[in-house]
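User: Please take a close look at one buried position in this model and work outward from there. I would like one connected account of what surrounds that part.

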Amino acid sequence: MDNTLVTDQAYVHNESLPVWIVPVSGWGSESIENAYVRMQAYKQVAESFNINLEFSTRLGTFRSYKRAPAVAEEIDQHNKHTFTSYAAALGKDWQYRFINEVHKLVKED
């Protein structure tokens, strides 16, 4: 498994599904190492679920701070469509299962 992490670029595992945008602004506020572990877990579980995700920093950059509400709304609308597609492909409980797998990986580290 590739351990490289990138932001603002999609990890595509399934061409037929949209990309889930995961805002990571603030994830490193407690510890950048914790953010790295969490991102690695999301990346690994997304690969095992065969879904696409992008770690987005658009909410937290200095340049976008004034636009944060508009960006948040854009991401929210995009993700509503994405979650509907994922529920159809993976089952309505996909988010619950995804987060459970993330928690297992984070607790192991």
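Analyst:
**Around Ala46**

Leaving aside neighbours within four places in sequence, Ala46 is in contact with His13, Ile51, Leu53 and Phe98. The model is a predicted one. Ala46 belongs to helix H1, which covers residues 32-49. Is Ala46 buried or exposed? Ala46 has a relative accessible area of 1%. The cut-off for buried is under 20%, so Ala46 counts as buried.

Two of these contacts lead to other elements. Take Leu53 to begin with. Leu53 is part of strand E3, residues 52-56. Five of the five residues in E3 are buried, so the strand is mostly covered. Both of its faces are covered. One side carries Asn52, Glu54 and Ser56, and the other carries Leu53 and Phe55. Each of these residues is buried.

E3 also has strand partners. Strand E2, residues 19-23, pairs with E3 in the parallel sense, over five bridges. In that pairing, Trp20 has Leu53 as its bridge partner. Leu53 is thus a contact of Ala46 and a bridge partner of Trp20. Strand E1, residues 10-11, is joined to E3 by two bridges. E1 and E3 run antiparallel. Ala10 stands opposite Glu54 of E3.

Now follow the other contact, Phe98. Helix H3 spans residues 94-108. Glu101 lies in H3 as well. The C-alpha atoms of Ala46 and Glu101 are 9.8 Å apart, with their positions 55 residues apart along the chain. Glu101 is partly exposed, at 31% relative accessibility. Ala46, in contrast, is buried.

Glu101 has a charged partner in its own helix. The side chains of Glu101 and Lys104 meet in a salt bridge, 3.1 Å from N to O. Both residues lie in H3, three residues apart, about one turn of the helix. Lys104 is partly exposed, with a relative accessible area of 47%.

H3 also meets helix H2, residues 68-90. The axes of the two helices come within 9 Å and cross at roughly 90°. That makes H2 roughly perpendicular to H3. Which residues of H2 and H3 meet? From H2 come Phe83, Tyr86, Ala87 and Leu90, and from H3 come Trp94, Gln95 and Arg97. By type, the residues of this contact divide into five nonpolar, one polar and one charged.

H2 brings in further charged pairs. Side chains of opposite charge can pair when their charged atoms come close. How many salt bridges does a search of the whole structure find? The search finds four. One of them is the Glu101 pair with Lys104. Another joins Asp76 and Lys80, at 3.7 Å from N to O. Asp76 and Lys80 both lie in H2, four residues apart, about one turn of the helix. Asp76 is partly exposed at 35% relative accessibility, and Lys80 is partly exposed at 47%.

Glu74 and Arg58 form a salt bridge too, with their closest N and O atoms 3.0 Å apart. This pair links distant parts of the chain. Glu74 is in H2, while Arg58 is in the loop between E3 and H2, 16 residues away. Glu74 is partly exposed at a relative accessible area of 45%. Arg58 is partly exposed at 28%.

Definitions and conventions. Residues are numbered from 1 along each chain as its sequence is written. This is a predicted model: local features need pLDDT of at least 70, side-chain atom pairs count only at pLDDT 80 or more; totals for chains, interfaces and linings use all residues. Side-chain values use heavy atoms; hydrogens and water are left out. Axes are lines fitted to C-alpha atoms, for helices over the stretch in contact, and angles run from 0 to 180 degrees between N-to-C directions. Angles under 35 degrees count as roughly parallel, over 145 as roughly antiparallel, 65 to 115 as roughly perpendicular and the rest as oblique. Contact means heavy atoms within 4.5 Å. Ala, Val, Leu, Ile, Met, Phe, Trp, Tyr, Cys and Pro count as nonpolar, Asp, Glu, Lys and Arg as charged, and the others, Gly among them, as polar. Buried means under 20% relative accessible area, exposed over 50%, partly exposed in between (1.4 Å probe, protein chains only). Two strands pair if DSSP finds at least two bridges between them.
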